[in-house]
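Work through the exercises below with the structure in view. Try each task before you read its solution.

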Amino acid sequence: MKLNQLIAIGLFAVAAPSFAQTYKIDPSHTYPSFEADHKGISFWRGKFTKTEGTITLDRAAKTGTMSITIDANSIDFGHQKMNDHAKNKDMFNAPQFPTITYVGKSMKFDGDRLVSVDGELTLLGVTKPVALTVNKFKCIQDAMTKAEICGADASAEFKRSDFGMNFALNWGFSPDVKLSIQVEAVKSN
């Protein structure tokens, strides 16, 4: 081969098109929820009702990323007094830290099935690695809108104390948090 052909082949390889697709989080079908210990005798369960973000997914290359923002003020335990308390400086400190973010930096697949996401959670201004296990994942064409949508059920566990959320730990509350996320996202055009 001539040098010009090698250069052309090299340029073609670099300029090869990406098959990555971008999906916008559907906030009306996405609710991160969690459960945390209450006095060692029960669990409080809550969810966040305002979430936004994007997911970039290349299913052929089995790669992807995600960027999710959660409104800390949208916390909902189904109990207003607890909602108000959780928003104050004892817990989520929503006035100072109004958003919680998750940035998924890499995705792992088993065949065609997405099985996990490695990323970083930022809570109370502290960023730590948190891996999501993807329990269910599927993309379909929505029968009503005809748009491609992907959905997943994901989960993770972490210690809230790693992020500086230490309320009531000295009273015997456990720092362990179980996170569950139902998410749906619509392919952007």
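**Exercise 1. Find how strands β7 and β8 are joined, and describe their turn.**

Step 1. Locate β7 at residues 99-110 and β8 at residues 113-123. Strands here are DSSP runs of E with at least two residues, numbered from the N terminus.
Step 2. The two strands run antiparallel, and nine bridges join them. Strands pair if DSSP finds at least two bridges between them.
Step 3. Pick out Val103; its bridge partner in β8 is Glu120.
Step 4. Look at the turn. The hairpin of β7 and β8 has two residues between the strands, and Gly111 there has a positive phi of about 70 degrees.

A note on the model: it is predicted, so local features need pLDDT of at least 70 and side-chain atom pairs count only at pLDDT 80 or more, while totals for chains, interfaces and linings use all residues. Residues are numbered from 1 along each chain as its sequence is written, and side-chain values use heavy atoms, with hydrogens and water left out.

**Exercise 2. Follow β8 on to β9.**

Step 1. β8 and β9 pair over eight bridges, in the antiparallel sense.
Step 2. Find Gly119; Val130 in β9 stands opposite.
Step 3. This hairpin has two residues between its strands, and Leu124 takes a positive phi near 55 degrees.

**Exercise 3. Describe the largest pocket and its lining.**

Step 1. Fix the term. On a 1 Å grid over the protein atoms alone, a pocket is an open set of points where a 1.4 Å probe fits, with protein on both sides within 12 Å along at least five of seven lines; lining residues have an atom within 4 Å of a point.
Step 2. The largest pocket holds about 840 Å³ of space.
Step 3. Its lining has 48 residues; Pro32, Phe34, Phe48, Phe158 and Leu179 lie nearest the centre.
Step 4. Strand β11 (residues 176-187) gives the largest share, six residues.
Step 5. Sort the lining: 39 nonpolar, six polar and three charged.

**Exercise 4. Do likewise for the second largest pocket.**

Step 1. The volume is about 160 Å³.
Step 2. Among the lining residues are Lys136, Lys138, Asp153 and Glu184.
Step 3. β9 (126-141), β10 (148-159) and β11 each give two or more residues to this lining. β10 gives the most, with five.
Step 4. The lining divides into four nonpolar, two polar and four charged residues.

Notes. Grid points are joined across faces, edges and corners, and a volume is the space filled by probe spheres set on the points. Helices (H or I, at least four residues) and strands (E, at least two) are DSSP runs, numbered from the N terminus. Ala, Val, Leu, Ile, Met, Phe, Trp, Tyr, Cys and Pro count as nonpolar, Asp, Glu, Lys and Arg as charged, and the others, Gly among them, as polar.
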